[in-house]
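Colleague: I'd like to go through this one slowly and ask where each label comes from. Could you show it to me?

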Amino acid sequence: VHPNPVGDDAAALDEEYVVVENAGRTTVDLADWYLREGDGRLYFSFDDRRLEPGDRLVVHVGEGRSREGHVYWGAGTPVLDNDHETLKLVDGDTGRVVRLSY
């Protein structure tokens, strides 16, 4: 998690991001997975993306052009709290939750 870019957060939204990595041995289908912020707000849905073992996906808060390994959720204001927060990566099919606190 990179919640606090250098300078004004609102001016550097593409530098506020979360990295999702598949550390497992099998491909993960992220079709029904989504990110939730600590207060429960839904911020990003992964659509039909898949992560092969060892692959990483950088989810940028701001706007930009998605490319291999990088996606943008298009928020117009900072999303990640600078000092602390708990993010949840949720599997919409099974209800499995991966939590990250920083």
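**Contacts and overall build**

Modeller: Start with the contacts in the protein chain that have a separation of 6 or more: 50% of them join residues 24 or more positions apart. Keep in mind that this is a predicted model.

Colleague: What makes two residues count as a contact there?

Modeller: They need heavy atoms within 4.5 Å. Arg50 is a nice case, as it touches Thr27, Val28, Asp29 and Leu30, leaving out residues up to four places away in sequence. Arg50 and Val28 are 22 residues apart in sequence, and their C-alpha atoms are 5.6 Å apart in space. Arg50 itself sits in strand β5, residues 50–51.

Colleague: How many helices and strands does the protein chain have?

Modeller: There are 0 helices and 9 strands, and read along the sequence the pattern is β-β-β-β-β-β-β-β-β.

Colleague: Why is the chain called as compact as a globular protein of its length?

Modeller: Set the value against the rule: the radius of gyration is 13 Å, and the globule rule gives 13 Å for 102 residues, so the chain is as compact as a globular protein of that length. The C-alpha trace spans about 40 × 30 × 20 Å along its principal axes.

**Two open sheets**

Colleague: Which strands form the sheet of 4 strands, and in what order?

Modeller: The order is β4-β3-β8-β9, in an open sheet with antiparallel pairing. The twist averages 20° from one strand to the next.

Colleague: What makes β4 and β9 edge strands?

Modeller: β4 (42–45) and β9 (97–101) each pair on one side only.

Colleague: How do you know that β3 and β8 pair?

Modeller: Pairing takes at least two bridges, and 4 bridges join β3 to β8, which run antiparallel. One of the partnerships is Leu35 with Leu89 in β8. On the same test, β8 (residues 86–91) and β9 pair over 5 bridges, also in the antiparallel sense, and Thr86 has Ser101 as its bridge partner in β9.

Colleague: How many bridges link β3 and β4?

Modeller: They pair over 3 bridges, antiparallel, with Leu35 opposite Phe44 in β4. The two strands form a hairpin with 5 residues between them, and Gly40 in the turn has a positive phi of about 95°.

Colleague: What about the sheet of 3 strands: why do β1 and β7 stand at its edges?

Modeller: That open sheet has the order β1-β6-β7 and mixed pairing. β1 and β7 (70–72) each have a single partner strand, so one side of each is left without a neighbour in the sheet. Neighbouring strands here are turned by 20° against each other on average, direction ignored.

Colleague: How do you know that β1 and β6 pair?

Modeller: The cut-off is at least two bridges, and β1 and β6 are joined by 5 and run antiparallel. Val18 has Val59 as its bridge partner in β6.

**Buried residues and the core**

Colleague: Why is Ala12 called buried?

Modeller: Buried means under 20% relative accessible area; Ala12 has 11%, so it is buried. Ala12 lies in the segment before β1. Buried residues make up 33% of the 102 residues in the chain.

Colleague: Which side chains of β3 are buried, and which are not?

Modeller: Trp33 and Leu35 point to one face and are buried, whereas Tyr34 and Arg36 point to the other and are not. In a regular strand, side chains alternate between the two faces of the sheet.

Colleague: What makes a set of residues a nonpolar core?

Modeller: Its members are buried nonpolar residues joined through side-chain atoms within 4.5 Å. The largest one here has 20 residues, and Phe46, Val59 and Trp73 have the most contacts inside it. β1 (17–21), β3 (33–36), β4, β6 (56–60) and β8 each supply at least two of its residues.

Colleague: Which residues does Val59 touch?

Modeller: Leaving out residues up to four places away in sequence, Val59 touches Glu16, Tyr17, Val18, Val20, Leu35, Phe44, Phe46, Val71 and Trp73.

Colleague: And how much of the chain's surface do carbon and sulfur atoms supply?

Modeller: They supply 44% of the exposed area, which is about 6200 Å² for the protein chain.

Conventions
Residues numbered from 1 in each chain as written. Predicted model: local features only at pLDDT ≥ 70, side-chain atom pairs only at ≥ 80, totals over all residues. Heavy atoms only, no water. Axes fitted to C-alpha atoms, helices over the stretch in contact; angles between N-to-C directions. Buried < 20%, exposed > 50% of the residue type's maximum accessible area, 1.4 Å probe, protein only. Rg over C-alpha atoms; globule rule 2.2 N^0.38 Å. Areas by Shrake-Rupley, 256 points an atom, 1.4 Å probe, with all protein chains shown as cover.
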